[in-house]
Amino acid sequence: MDTPHNQAAHQGPLNRAVVEVDSPERMQELGRRLAKLLRPGDLVMLTGELGAGKTTLTRGLGEGLGVRGAVTSPTFVIARVHPSLVDGPPLVHVDAYRLGGGLEEMEDLDLDVSLPDSVVVVEWGDGKVEELTDDRLHVLIHRVVGDTDDDRRTVVLQGIGTRWADEDLALA
């Protein structure tokens, strides 16, 4: 079975950085910093267990992109579009947790239509959205093992494809 790293090797360059985060506020700040790297057409996949901080990171992305509306988990609506307030790209926030199928169910959301003009962020998108584009930012959020009340996270940023080859992910 291919791991995300092996899949990336088959699809082009892989650019990687690791960031340590110790609070929800710092996770949100990481999102604001990452937003400075994003542009229309970017796909961001977020991977992490429940409560890892995926939506908190996306909230920061929304702040950094200057979009309208509170960024909350789209679990029950599947996807939310947040238009830009600053003449930037809209943020399309998708929660694929309840989508059992692969790309077929995702295609019903018309993400391929939204992708060229938007920044599309997909929580729980592993195995579901990789075929939308060869270039994507995969963000893996790992909780620190041990005390479950601990807010420390290790965030692995993997830029996959030529779009991300020369981005300095360490700046995030």
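What percentage of the 172 residues of the protein chain count as buried? In this predicted model, 47% do, where buried means under 20% relative accessible area, exposed over 50% and partly exposed in between (1.4 Å probe, protein chains only). Local features rest on pLDDT of at least 70 and side-chain atom pairs on pLDDT 80 or more, whereas totals for chains, interfaces and linings use all residues. Numbering runs from 1 along each chain as its sequence is written, and side-chain values use heavy atoms, without hydrogens and water.

The protein chain contains 5 helices and 7 strands, taken as DSSP runs numbered from the N terminus (helices H or I, at least four residues; strands E, at least two). Along the sequence these elements follow the pattern α-β-α-β-α-β-β-α-α-β-β-β. Among contacts (heavy atoms within 4.5 Å) with a separation of 6 or more, 64% join residues 24 or more positions apart.

The largest nonpolar core, a set of buried Ala, Val, Leu, Ile, Met, Phe, Trp, Tyr and Cys residues joined through side-chain atoms within 4.5 Å, has 28 residues. Leu30, Leu34, Leu137, Val139, Val155 and Leu157 have the most contacts inside this core. Two or more residues each come from β1 (14-21), α2 (24-35), β2 (43-47), α3 (54-65), β5 (119-123), β6 (136-143) and β7 (153-160). The largest share, 4 residues, is that of α2. Beyond its neighbours within four places in sequence, Leu30 contacts Val19, Val21, Leu57, Val155 and Ala172. Another core, of 10 residues, lies apart from the largest one and includes Ile78, Ala96, Leu115 and Val122.
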